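Colleague: I have a model open in front of me and would like to know what stands behind the words people use for it. Could you take me through them?

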Amino acid sequence: MSNPVPVQHEHHIVGPKVYLLILLALLVLTATTTGVAYIDMGIFNPIVALGIGCLKAVLVILFFMHIRYSSRVMMLTVGAGFFTFLVLITMTLSDYISRNWGLW
Amino acid sequence: MSTIVTLPNQQDAQLPKLSYLNSEYGLKSWLLTGDHKRIAMLYLFSITFFFFIGGAFAGLIRLELLTPLPDLVASDTYNKLFTMHGVIMIFLFLVPSVPATVGNFVIPIMVGAKDLAFPKINLLSWYLYVAGACFLVFALLNGGVDTGWTFTTPLSTHYVNTHVITAAMGVFIAGFSSIFTGLNFIVTIHRMRCPGMTWFRLPLFCWSNYAASLLMVLGTPVLAITLVLVMLERTVGIGVFDPTKGGDPILFQHLFWFYSHPAVYIMILPGMGVISEVISTFSRKRVFGYTAVAFSSVAIAVFGFFVWAHHMFIMGVSNYSALVFSLLTMLVAVPSAIKIFNWSATLYKGSITFETPMLYAFGFMGLFTIGGLTGVFLGSLGMDIHLTETYFIVAHFHFVMVGGMLMAYLSGVHFWWPKMTGRMYPESMSQLSAVTTFIGFILTFFPQFIVGYLGMPRRYHAYPPEFQVLNVLSTAGASVLGIGYVLPMLYMPWSLKYGKIAGSNPWQATGLEWQIQSPPLTENFIDIPIMDHEAYDYDWLAHKTEHEVTTVG
Amino acid sequence: MDSQAIATGPADPHQEHDEAHPAYLRHHFVTVDQQRETASFGMWLFLLTEIMFFGGLFMAYLLYRNWYYDAFVAGSNTLSIGLGTTNTAVLILSSFTMAMGVYSAEIRNRKGLLTSLSLTIFLGLVFLGIKTVEYHDKYVEHHIPGASFSVEDFVHPADKRDVPLAPDMAQHAQLYFFLYFAMTGMHALHMIIGISILFILLYQAWHGAYVNGHTSTIDNFGLYWHFVDIVWIFLFPLLYLISRHPLK
């Protein structure tokens, strides 16, 4: 089998414009999440709050942490981390939710 | 008996003039080294030391269990004995055993690199190991811990007066040693492979260690935070795990076992990697179903994250969740079985010889299979209710960890010993040790299956008199087992001075590590190799050696 | 699979040392690119361990919030949403300045790098300052779990919108504050470590480091800093926002 063609990974430099845009987006989202916290949406309050939190985290990861411009291995790595975290949460919850204690 | 060992002519054979062992002299050159091979040696000394301390505790446990009465040590002392035995054997011996010694030494060479990705972090790993060990020794010397290695709450947080915080701190620090080793391996295997070394040309040892490293990096931090919570709880006492204050002890167990189950795969996977290499070499055949074995390693790692609550079936988890975890436990047994089948298929029609590493590998195959199958019994809910917290569990995990992993570790140390030191150990002595270990092991632990099934609880130092005969058998076996472990401690150092010169490839094995001198140069390769053949390609090896002139020095 | 991971060829002993083998290229790497990608990968793996580390605390919080909902609501409402939001904005701003620091290092702008690092340190210290104020408030109000904890505010709440809690449920507010201090405390510890490293980086950058092509360290520290920001991005809604009383 011949040697694979060596690929130099393009070192993409992310510019200030992108960073500024993301900063503004994050600040707007922060104001939104604080404002929305005062509106009673019942069961949706935590969902919206965590949803906005996830959106902010995704923006930071993609742009501030350059994942948008990184290789697939890096994206898979980040995914693996969050996947394992979700396994911890959901499978532990599967025990608590299915107990017949009436607390859930 | 035939052998494949091919050594250079001992009349004029010499160790190479320059190697990693004599490139620099002095204590500082060892304690401040960046060389992965020297760090492997540092680990080898440390873990061997702690293996014997853990073993001494095992000896005391078996001594106490000779009689049904609690007549050797006090109850609290007995609790401390099995706790320290567990903590030391798991965290200071089994978890770092193959990765930190053989893995550190051999993985960079196997991928064709000059060192691991992060040599300084590698050294830091060793220092963290030593620091963690110091905390544990401190706890030991100041009265020990008696909670069991599982630190179950609320016993560990509210009801004992022993050095839980010190011991937890020791395990916490040792955990980071493990994390950094795993991190180093993952990055090295991804980024430092030489030209031509594609993923599917890597030796299966690399695949197994890669899978174990995934577990180390993702699982160990959860143990870390759990221990932090235990330490905080002991200090502040809010009740995060105390039912009388509204806490849930099961939460501790969920968080603890989330790491501790993948931990058992962290312990066994590198051993399985050794077995792949050894069985291939001593059958003169490529491993059957390379892809299946490679993917099985990763599958064990992934599925290993989904089954932790099978340690908690009787603790109060809901029936539905117990069902789910039981089902997933059955699933996780499949990739391990695939590997056993593939190794067996490798043996079929191979040219088998019975050098010491192979003897240990055979021991592994049989004993790990038994241990693994008993794990399946334990995974089924009905059986587990009867068998859990009995000696059946003790026997199960000793079969997989000692009969499996420890044998694989010894197999690996013997297999790569000529590469690490340039010398052969004495073959007859080592074969005797292997057989002694195997016999001693079966005598020690098989009676424990029976006595556990009959109902003897674990972690008790008194038992009903009808169990005595089986316990005496077990203790007798332990003495034989002990001899089997002491012998290598004698002949391995002996071999450093008097062993035969090994040459670069005494086993006629494939793999990049066998194409360089023994012991290797500090930078491993003079030129970065270019990999142009598949793994376990014995035809390539035959072709290469028939045109080769072997010189040593 | 990932071909860019493989070294580009055997080390050429005749290659010019200046261009392809700068002084900062370690001996076990073949190219600068390989070294940079490797360091970045290593830092990401470390961040994965941090995700799982905080993960355990999030699990505990999730569980007990559902078991002792009323106590957690009451506890959450004693926190200042103004200070919390301000801190979130401060940290996001510091992430921006850190990202600008990475950019400055990459375009070899020494002044830009020094300014960015200094601003990041300043904003980090502001964050910790506000946190200190919040912790002090909790101390004064007897909300620190342990011997000094007082259930008064929960059994006889001053604010009419607050539902008075039964004494045993009010005791569970201690669990809320324990998790509050554990999670924000662990986060603050990571901030303190980060700021300490920033001082070191600032010192080194002052003496000319990181603007000569070797930007790895700044890059990877930036990753760490952004991660600490992300942890706060999740802590803020979970601790401060999701149990707020609606505006009436």
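Modeller: Happy to, and we can go from one chain to a helix and then to a single residue.

Modeller: First, this is a predicted model, where local features need pLDDT of at least 70 and side-chain atom pairs count only at pLDDT 80 or more, while totals for chains, interfaces and linings use all residues. Residues are numbered from 1 along each chain as its sequence is written, with chains lettered from A and ligands numbered from 1 in the order in which they are written.

Colleague: What makes chain B as compact as a globular protein of its length?

Modeller: Chain B has 17 helices and zero strands, taken as DSSP runs (H or I of at least four residues for helices, E of at least two for strands) numbered from the N terminus. Its radius of gyration is 23 Å, close to the 24 Å that the globule rule gives for 553 residues, so chain B is as compact as a globular protein of that length. The radius is taken over C-alpha atoms, and the rule is 2.2 Å times the number of residues to the power 0.38.

Colleague: How do you know that the span of α3(A) agrees with its 26 residues?

Modeller: The expected span of a helix is 1.5 Å times one less than its number of residues. That gives 38 Å for α3(A), and its end C-alpha atoms are 36 Å apart, which agrees.

Colleague: Where do the buried residues of α3(A) pack?

Modeller: Among those buried residues are A:F85, A:L88 and A:Y96. The buried residues of α3(A) pack against α8 (204–236), α9 (249–283) and α11 (319–347) of chain B, together with α1 (32–67) of chain C.

Colleague: Why is B:T374 called buried?

Modeller: A residue is buried if 20 or more other C-beta atoms, placed from the backbone, lie within 10 Å of its own, exposed if 12 or fewer, and partly exposed in between. B:T374 has 21 C-beta neighbours inside 10 Å, so it counts as buried. B:T374 sits in helix α12 (residues 356–379) of chain B, a chain in which buried residues make up 58% of the 553.

Colleague: Which residues is B:T374 in contact with, leaving aside its neighbours within four places in sequence?

Modeller: They are B:H396, B:F399 and B:F449. Two residues are in contact if their C-beta atoms, placed from the backbone, lie within 7 Å.
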